[in-house]
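Subject: Structure handover

Hello,

Please find the structure below. My notes on it follow.

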Amino acid sequence: MAAATGLAGREIDQHEDIRHFTIKIGGEGVRIGQALGYELEKIGKLDPAKLVLAGDGDADALKEVDAILIQESAGGGRGELQRPSMGQDVLKGAAPKSNSSTAISLTKAHRLGLPRPATPKITSLVKRVERQELPITIRQSSGCLR
């Protein structure tokens, strides 16, 4: 998400559209792990099952996950300048390192018959930013996430 928006982790969590899209991506990833039989632990304070529900649009789960991410972004879990390496690469003008785990998860999802609509969308956005077809701004990026 940082590579598509140029935002630091805390800023991502504070922007509602981007945060909700991140929740969808997280839910998709958790669903794959569950389908493969993995016993998933909490992700920070997030219950993986709640993340799936929130990503699927369950209003109560989304409210709960939102509250946790907003609380963490207020100063607890993420530093003000913390930015994943792909986001750092984009800001430096370097090509972001490819994320083979995304390709692996998409392949596994396909084999399991699980939908992953959010992940290809963010992958496409990052590639467009990398090719300088899209600037890395909140306005541009968040509009593409819907």
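Ser105 counts as buried, because its relative accessibility is 16% and the cut-off for buried is under 20%. This is a predicted model. Ser105 has its place in helix H7. Leaving aside neighbours within four places in sequence, Ser105 is in contact with Ile32 and Arg116. The C-alpha atoms of Ser105 and Glu28 are separated by 9.2 Å, although these residues are 77 apart along the chain.

Two of the residues just named, Glu28 and Arg116, form a salt bridge, with their closest N and O atoms 3.3 Å apart. Glu28 lies in helix H3, while Arg116 lies in the loop between helix H7 (100-112) and helix H8 (118-130), so the pair ties together parts that are 88 residues apart in sequence. Glu28 is buried, at 10% relative accessibility. Arg116 also has 10% relative accessibility and counts as buried.

On salt bridges in general, side chains of opposite charge can pair when their charged atoms come close. The count for this model comes to six salt bridges. Apart from the pair above, these are the ones I would look at.

- Asp66 and Arg19 form a salt bridge in which the closest N and O atoms are 2.5 Å apart. This pair links distant parts of the chain, with Asp66 in helix H5 (residues 59-73) and Arg19 in helix H3, 47 residues apart. Asp66 counts as buried at 12% relative accessibility, and Arg19 is buried with a relative accessible area of 4%.
- Asp56 and Arg31 meet through their side chains in a salt bridge, at 2.1 Å from N to O. Asp56 is in the loop between H4 and H5 and Arg31 is in helix H3, so parts 25 residues apart in sequence are tied together. Asp56 is exposed, with a relative accessible area of 54%, whereas Arg31 counts as partly exposed at 27%.
- Arg128, Arg131 and Glu133 are linked in a network of salt bridges.

Next, helix H3 itself. What span should the 20 residues of H3 have at 1.5 Å a residue, and how far apart are its end C-alpha atoms? The expected span is 28 Å, and the end C-alpha atoms are 28 Å apart, which agrees. The expected value is 28 Å because the rise is multiplied by one less than the number of residues. The buried residues in H3 include the hydrophobic-named positions Ile18, Phe21, Ile23, Val30 and Ile32. Arg19, His20 and Glu28 are also among the buried residues of this helix, as are Gly27 and Gly33.

Just after H3, Gly37 takes a positive phi of about 90 degrees.

Last, the surface. Which residues make the nonpolar surface patch of about 350 Å²? Leu36, Tyr38, Leu40 and Leu112 make the patch. Of these, Leu40 is found in the loop between helix H3 (16-35) and helix H4 (48-55). Leu40 counts as partly exposed, because its relative accessibility is 36% and partly exposed covers what lies between the buried limit of 20% and the exposed limit of 50%.

Regards

Terms used
Residues are numbered from 1 along each chain as its sequence is written. This is a predicted model: local features need pLDDT of at least 70, side-chain atom pairs count only at pLDDT 80 or more; totals for chains, interfaces and linings use all residues. Side-chain values use heavy atoms; hydrogens and water are left out. Patches are made of residues with over 30% relative accessible area and no salt bridge: like charges are joined within 9 Å, nonpolar side chains (Val, Leu, Ile, Met, Phe, Trp, Tyr) within 5 Å. Accessible areas come from the Shrake-Rupley method with a 1.4 Å probe; for residues, only the protein chains shown count as cover. A salt bridge is a side-chain nitrogen of Lys or Arg within 4 Å of a carboxyl oxygen of Asp or Glu. Helices (H or I, at least four residues) and strands (E, at least two) are DSSP runs, numbered from the N terminus. Buried means under 20% relative accessible area, exposed over 50%, partly exposed in between (1.4 Å probe, protein chains only). Contact means heavy atoms within 4.5 Å.
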